[in-house]
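Here is a colleague's note, written as numbered points, to be read with the structure open beside it. Please look up each residue as it comes up before moving on to the next point.

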Amino acid sequence: MAGKKVLIVYAHQEPKSLNGSLKAIAVEELSKQGSDVTVSDLYDMQFEPRTTRTDIVGDLYNPEQFNYGVEAWEACKNGCLSEDLIEEQRKVKEADLLIFQFPLYWFSMPAIMKGWMDRVFIQGFAHDFPKCFDSGLLRYNKKALLSFTTGGDQGMYSKEGLSGDIRWVLWPMQHGILHFCGLSVLAPQICFAPEYVALEERKQMLSSWAKRLKTIWEEKPINCIPEWYYNI
Ligand code: FAD
Ligand code: ZN
């Protein structure tokens, strides 16, 4: 939609991958609508996923014993976070919609994206207990969506399947991170087993993503409570 801002946080090494194609389609479709799209291409940026002392510029709050959470919180309050974090936080602040595009790694997101969550969604910026979940600091009209691919097929990710229902995998990422920070969670976009399906089916995956994006601004968030994940 014209005037809306989207941040796509993208974690794949290969532009020719299905993740690369899903990201490209999102950029194309959303730009066509007149939305302002920014991509944080984490591998390309060589994004630092580690939470270390270098995230804090200048003196530490407690130089005797390093506590990352406390130091990042203090640095956030005092404007002493490293430049790369401030830049990512600026993109988050401006965005109306955050899309996370990634291949599922060990029932979760790749380490480089998890590191982005660890370092960008820090206390004082994204949450500040008890300001969490519906009171999270990013609660003002910001939506978030996980778009990912898997190795396992849909049957494997059913309640009776070997991996269990895909919603159980979503609980830590959607509820534990996105909702915790106050974001409104849109239904995930999942492409099951793109490496093992026919070309036609992969094309179908891409076109249904493009179709969904046409009306993405009309979508209502999911009810991100335990029942959504576990009453299935
Ligand atoms: P790709 O292999 O890059 O793409 C699939 C196919 O789509 C390719 O042939 C590509 O050429 C083709 N393609 C790209 N663009 C187009 C286009 N425009 N039109 C048509 N075709 C196109 N899986 C799980 O299910 N659970 C796990 O816990 C899990 N853990 C993992 C942990 C690690 C460390 C790793 C490396 C993998 C893990 N996997 C897991 C598997 C992983 O999730 C999949 O390999 C990945 O999601 C596949 O997506 P991709 O984009 O990398 O596929
Ligand atoms: Zn929730």
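1. A good place to begin is Trp 106, whose place is in the loop between strand 3 (97–103) and helix 4. Please keep in mind throughout that this is a predicted model. Trp 106 has a positive phi of about 50°, although it is not a glycine. Is Trp 106 buried or exposed? With a relative accessible area of 86%, Trp 106 is exposed, because exposed means over 50%.

2. A second residue with a backbone angle of this kind is Asn 141, a residue other than glycine with a positive phi near 55°. Asn 141 has its place in the loop between helix 4 and strand 4, and at 68% relative accessibility it counts as exposed.

3. Pro 130 is also found in the loop between helix 4 (111–120) and strand 4 (143–149). What is the form of the peptide bond from Phe 129 to Pro 130? That bond is cis, with omega near 5°, and it deserves a careful look when you follow the backbone through this loop.

4. Turning to the ligand, 21 residues surround ligand 1, and the closest are His 12, Ser 21, Leu 104, Thr 149 and Tyr 157. By class, the shell around ligand 1 is made up of 10 nonpolar, eight polar and three charged residues. Ligand 1 sits in the largest pocket, and the elements that give two or more residues to its shell are helix 1 (18–32) and helix 6 (199–214).

5. Which parts of the protein bring polar atoms to the oxygen atoms of ligand 1? In Asn 19 an N or O atom of the side chain is 2.8 Å from an oxygen atom of ligand 1, whereas in Phe 107 a backbone N or O atom lies 2.8 Å from an oxygen atom of the ligand. A polar backbone atom of Thr 150 is 3.5 Å from an oxygen atom of ligand 1. Of the 1,000 Å² of accessible area that ligand 1 has on its own, the protein covers 68%.

6. Helix 1 also holds Glu 29, and a student may ask whether this charged residue is buried or exposed. Glu 29 has a relative accessible area of 6% and is therefore buried, since buried means under 20%. The side chain of Glu 29 is joined to the side chain of Lys 214 by a polar contact of 3.1 Å.

7. Thr 54 lies in the loop between strand 2 (36–41) and helix 2 (68–78), and with a relative accessible area of 60% it is exposed. A polar contact of 2.8 Å joins the side chain of Thr 54 to that of Thr 52. What separates Thr 54 from Ser 82 along the chain and in space? These two residues are 28 residues apart along the chain, and their C-alpha atoms are separated by 7.2 Å.

8. Finally, Arg 50 has its place in the loop between strand 2 and helix 2, and at 56% relative accessibility it counts as exposed. Measuring from C-alpha to C-alpha on the model, you will find Arg 50 and Phe 129 to be 23 Å apart in space, with their positions 79 residues apart in sequence as the stated separation.

Methods. Residues numbered from 1 in each chain as written. Chains lettered and ligands numbered in written order. Predicted model: local features only at pLDDT ≥ 70, side-chain atom pairs only at ≥ 80, totals over all residues. Heavy atoms only, no water. Near = heavy atom within 4 Å. Polar contact = N/O pair within 3.5 Å; in protein donor to acceptor, adjacent residues only side chain to side chain. Areas by Shrake-Rupley, 256 points an atom, 1.4 Å probe, with all protein chains shown as cover. 1 Å grid on protein atoms, 1.4 Å probe; cavity = no way out; pocket = protein on both sides within 12 Å on 5 of 7 lines; lining within 4 Å. Sits in = over half its atoms within 2 Å of the grid points. Helix = DSSP H or I, 4+ residues; strand = E, 2+ residues; numbered from the N terminus. Buried < 20%, exposed > 50% of the residue type's maximum accessible area, 1.4 Å probe, protein only.
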